[in-house]
Number of protein chains: 4
Amino acid sequence: MKLGMIGLGRMGANMAQRLLRGGHAVVGFDPRAEARAALQEQGAETADSLAALLAKLAPPRVLWLMVPAGEITDTTLEALLPLLQVGDTLVDGGNSRYLDSQRRAATFVEHGIEYVDCGTSGGVWGLAEGYSLMIGGAEAAVERLRPLFECLAPAPGRGWGRVGPVGAGHFAKMIHNGIEYGLMQAYAEGFSILHHKQEFDLDLQQLAEIWSHGSVVHSWLLELTAKALAEHPDMHDIAPYVADSGEGRWTVDEAIALGVPAPVITHALIARLRSRDAESFADRLLAALRNQFGGHEVRKG
Amino acid sequence: MKLGMIGLGRMGANMAQRLLRGGHAVVGFDPRAEARAALQEQGAETADSLAALLAKLAPPRVLWLMVPAGEITDTTLEALLPLLQVGDTLVDGGNSRYLDSQRRAATFVEHGIEYVDCGTSGGVWGLAEGYSLMIGGAEAAVERLRPLFECLAPAPGRGWGRVGPVGAGHFAKMIHNGIEYGLMQAYAEGFSILHHKQEFDLDLQQLAEIWSHGSVVHSWLLELTAKALAEHPDMHDIAPYVADSGEGRWTVDEAIALGVPAPVITHALIARLRSRDAESFADRLLAALRNQFGGHEVRKG
Amino acid sequence: MKLGMIGLGRMGANMAQRLLRGGHAVVGFDPRAEARAALQEQGAETADSLAALLAKLAPPRVLWLMVPAGEITDTTLEALLPLLQVGDTLVDGGNSRYLDSQRRAATFVEHGIEYVDCGTSGGVWGLAEGYSLMIGGAEAAVERLRPLFECLAPAPGRGWGRVGPVGAGHFAKMIHNGIEYGLMQAYAEGFSILHHKQEFDLDLQQLAEIWSHGSVVHSWLLELTAKALAEHPDMHDIAPYVADSGEGRWTVDEAIALGVPAPVITHALIARLRSRDAESFADRLLAALRNQFGGHEVRKG
Amino acid sequence: MKLGMIGLGRMGANMAQRLLRGGHAVVGFDPRAEARAALQEQGAETADSLAALLAKLAPPRVLWLMVPAGEITDTTLEALLPLLQVGDTLVDGGNSRYLDSQRRAATFVEHGIEYVDCGTSGGVWGLAEGYSLMIGGAEAAVERLRPLFECLAPAPGRGWGRVGPVGAGHFAKMIHNGIEYGLMQAYAEGFSILHHKQEFDLDLQQLAEIWSHGSVVHSWLLELTAKALAEHPDMHDIAPYVADSGEGRWTVDEAIALGVPAPVITHALIARLRSRDAESFADRLLAALRNQFGGHEVRKG
């Protein structure tokens, strides 16, 4: 089928390409001319404005949004709303907060436009291996898009599904990312212990590879860990600075709101905050306090 | 090649069977007659004493220990030592603490007996899919056992390796299990949040299956989570009581000794302790304290 | 000076009484007749409606709100707004979220009414020992109320202060409570370890009292711990169920928003969530997972 | 009464001085001549060897050890043992691990020498304000030393007590320090959040002082926090490097061994480890992993 892909960044461009390879027709929009040109080379049509994009699609249209979560999603949706018609379908495939998706969907559905939130996992590997898709929205709307989901997923019958009404897709993706934080931190801690055990002079990449076959901890993230260790054996060229992009925070927030203890996911987030806290005011105060009561020496700042 | 397998419990029996299927000759020992009989049906010889076992093997012999970590390992090793000869090789495939393995190896090596510690992962699935093996010991000793490792691993060239001198194998297995604790807790927390989000009435098994294809969190543990959720959709038939078997504690201990912050692995262990702390003295005291300063109501115990 | 106290619950009634003892004139309002009657016995005037309360005060009036944080604060403020005059001062002494105080203050200040947010600590002991007051608001407004703060605090020159503009008072109180969570949990864990060390048969109350004199951990909370242990030596009559009232959650939220790692305050909150998580879905899933990969026995739920 | 004080460092010298002021006779030993000279000026006798020290005390003698925990305690005790007589009493007032105290006591008691372990808190403030003393040992031995305890404590009837048999004193001190870690971390986190809330430009010292009167979080550590903030308002002259001296680790170890969940005390320790983990291997690996799956940018190391 034919769809409009809005946002041709790393994720949007790859998904458009996978759809093209699957025989679908894609019209791509992105404000950056080079992003449009790159997609055209893959065989897509492109448009240099939302209006132009819509003009190239026959109603009922399918618009797939792959833009960064937050303000730009709202701006784009506001620009789209007056251009859409009853029966059109909008898919938000980005990392929106589920509460935002529910709010936005209410507006669109009021205007007779279907709204589908599609949590998307797979990163830069999705193009080749397929994406994992957690979909929220009306059953009929999701069903109508089936050919797209079957194409984007690793296989037609696997790795995608409608998990509930609008909001459920992004809710599931949020928790997915919260789990991801916890998994990553568990591996990072384990390999850090191995790295510090100088007595054994362990080969970390070798261990990641051994564990990748037959062990209880084998996973895709572990395979990527092996790759990362192959490229950066001692990691000295990588700064110990870990960004976080929102879903981890929202997961912590949701856990607290629901009264669910989630210490590991929460600490995985805190470890990232700590990686960026260069000033470490708390640690300075602790050192000063030890000096106050015990006369313990402090290091000069 | 031919080896003696000492300990025919869940792990030892399966490993013996995989070796038999691979064309190796196994003499099995276990004090329980039914365990011996079961292995005999698979085509192995058995022996009803350590002495009998050794008599069925021609020097230089290979003895593979699969008994529970701790006292019984020491008892068995003490019984074996006088029965062994220079050139024999002892493999401890159990979950021994690496410090114990180093201590034991020192004694055996002094007597001219090779000592190999082999961390073994794979659980009940290892029989069919192969085991992940982290091996510590002298290079020649490990090399001599290559046919066994190639047979036990998922494939001859994958999932096993000599990772260092004696102790390194069990050290690596210890950290493996520490990571395992963290991974399991991350999944458990994520699914617990999903479970409590009644608004979406999510199908947890469906989510585990969607994520198992193409998502960043896909792993073997996630596939097992899907299976567990299929068998126990609401988990009401499973008590919230989580055992721990030592490696998690040792990992925490090691991290502290090395000065490595490992909050997530540590909290995964603490969560297990908490699952078994039915009395919850700390929580009672907290409730009593809130009452003391704020007059907040307490629930009767 | 004369003021109107709105809300005669545990905190409001005690504060009114302390002000009366300090020679101030108090008009109290509470919808519950028995609360009004109790205050009248202490020498206060009372009123059975907000309008009646305001009628008993000459402009410029001082109104002090001591009602539970949340909706009832908004309802009361909405009812008050049309009744107030330019020059009146409103003090919110409750546990409002600082963001709410900033929002509310904007409305009142627009109408020429001063708004002061006063974080109040001291609990049921404040009546006798004085309250700790963290005050946000315009300097002149805070200065005008000085006699009240000097009376409510433990001493005229101690335990109170203007800490910044509107919002700063409740912000400081929020962090105060976050710290309180952490302190309480630290004591609770320590005493729990002592309690479980059966080998020494320790007298927990004795230890709390020894530590209350000269030790590094001596504090008011420790003295209350000694009292709690005197009243409930083994805590069996107190349920292990710990409520939380909002400030802890907000502190965690704020720490994350500011990028400040606060693992201990955060975990003190999580421990409270855990105390109320009777179902423990995560622990059930962990037990089920251990069974899946390792064949480990599970307890029946 | 008369006693020998072995070890005239910060703690030993101050305790000797407090005993002198209380009318007791002290013979001090320390290998450093300047430490002995300083004590002599306070009115004590001194000795330049253990043998000389013992010669200046009439049996049954009281020897009080204030040396750093660990090897030096063992060395000193080994040197003392042959010099002591039946009926002498040895007090270990240092921060020994309770298991060591139990082991050492067994040896001394076998030789008819009383052994008392005395956990000592109070730091550099103990000289002026008295020490908090948690004492383990035989009842008669402890009773005999009563005049010393009454003098060292803040007041004769407060701040000291026999808490159990040998080992119980150091056990209690260990937990005391574990709690101390948790309390310090809670304050440090709270003040770090306050410090980062630039919107309010809060005066941290002022807040510490307000809270020190009447608030739920008032404590001695909070008063020291106010002092530390007065001396180092922005803490820039103090390095964010926090040492730990053993008791925190032992507390974590003990909690795990007893199956007591102690997340806050544990995390307070982990935060100290983190303050010293300049390399941050785990964070580097996390950044590398994010790049692997999501193509997220990494900072150069």
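**Exercise 1. Chain C against chain B**

Determine how many residue pairs are in polar contact between chain C and chain B, and describe the side of chain C that touches chain B.

*Solution.*
Step 1. In this predicted model, 18 residue pairs, both members at pLDDT 80 or more, are in polar contact between chain C and chain B.
Step 2. The elements of chain C that each supply at least two residues to the side touching chain B are helix H9 (168–196), helix H11 (220–231), helix H13 (263–275) and helix H14 (281–294). H14(C) gives the largest share, 13 residues.
Step 3. By residue class, this side of chain C divides into 29 nonpolar, 16 polar and 16 charged residues. The rule nevertheless finds zero salt bridges across the interface of chain C and chain B.
Step 4. In extent, 61 residues of chain C are in contact with 61 residues of chain B. The area buried between the two chains is about 5600 Å², and carbon and sulfur atoms give 65% of that area. C:Phe281, C:Gln292 and C:Phe293 supply 14% of the area that chain C buries against chain B, more than any other three residues.

**Exercise 2. Chain B against chain A**

Establish how many salt bridges the rule finds across the interface of chain B and chain A, and which element of chain B gives the largest share of the side that touches chain A.

*Solution.*
Step 1. The contact takes 66 residues from chain B and 66 residues from chain A. About 5600 Å² is buried between these chains, 74% of it on carbon and sulfur atoms. Within chain B, the residues that lose the most area to chain A are B:Ile193, B:Phe200 and B:Val216, together 13% of what that side buries.
Step 2. Two salt bridges are found across this interface. The side chains of A:Lys197 and B:Glu254 meet in a salt bridge, with an N to O distance of 2.7 Å; the cut-off is 4 Å.
Step 3. Polar contacts between chain B and chain A amount to 23 residue pairs, both at pLDDT 80 or more. Among the elements of chain B that give two or more residues to this side are strand E7 (132–136), strand E8 (160–164) and helix H12 (247–258). The largest share, 18 residues, comes from H9(B).
Step 4. The side of chain B that touches chain A divides into 37 nonpolar, 22 polar and seven charged residues.

**Exercise 3. The sheet of chain A**

State the strand order of the open sheet in chain A, and explain why one side of strand E3 and of strand E8 is left without a neighbour.

*Solution.*
Step 1. The open sheet has eight strands in the order E3-E2-E1-E4-E5-E6-E7-E8, with mixed pairing.
Step 2. Strand E3 (45–47) and strand E8 (160–164) of chain A stand at the edges with a single partner strand each, so one side of each has no neighbour in the sheet.
Step 3. On average, neighbouring strands are turned by 25° against each other, direction ignored.
Step 4. At the E8(A) edge, strand E7 (residues 132–136) of chain A pairs with E8(A) in the parallel sense over four bridges. A:Trp160 in E8(A) is the bridge partner of A:Leu133.
Step 5. Helix H1 (residues 10–21) of chain A lies across strands E1 (2–6), E2 (25–29), E4 (62–65) and E6 (114–121), running at about 165° to E1(A). Helix H5 (residues 98–110) of chain A lies across strand E5 (89–92) and E6, at about 150° to E6(A).

**Exercise 4. A salt bridge within chain A**

Identify which parts of chain A the salt bridge of A:Glu45 and A:Lys2 ties together.

*Solution.*
Step 1. The side chains of A:Glu45 and A:Lys2 meet in a salt bridge at 3.3 Å, N to O.
Step 2. A:Glu45 lies in strand E3 and A:Lys2 in strand E1 of chain A, so the pair ties together parts that are 43 residues apart in sequence.
Step 3. Over all chains, a search of the whole structure finds 68 salt bridges.

Terms used
Residues are numbered from 1 along each chain as its sequence is written. Chains are lettered from A and ligands numbered from 1 in the order in which they are written. This is a predicted model: local features need pLDDT of at least 70, side-chain atom pairs count only at pLDDT 80 or more; totals for chains, interfaces and linings use all residues. Side-chain values use heavy atoms; hydrogens and water are left out. Contact means heavy atoms within 4.5 Å. Buried area is the accessible area (1.4 Å probe) that two parts lose on being put together, summed over both. A polar contact is a pair of N or O atoms within 3.5 Å; within protein, one must be able to donate a hydrogen and the other to accept it, and residues adjacent in sequence count only if both atoms are side-chain atoms. Ala, Val, Leu, Ile, Met, Phe, Trp, Tyr, Cys and Pro count as nonpolar, Asp, Glu, Lys and Arg as charged, and the others, Gly among them, as polar. Two strands pair if DSSP finds at least two bridges between them. Axes are lines fitted to C-alpha atoms, for helices over the stretch in contact, and angles run from 0 to 180 degrees between N-to-C directions.
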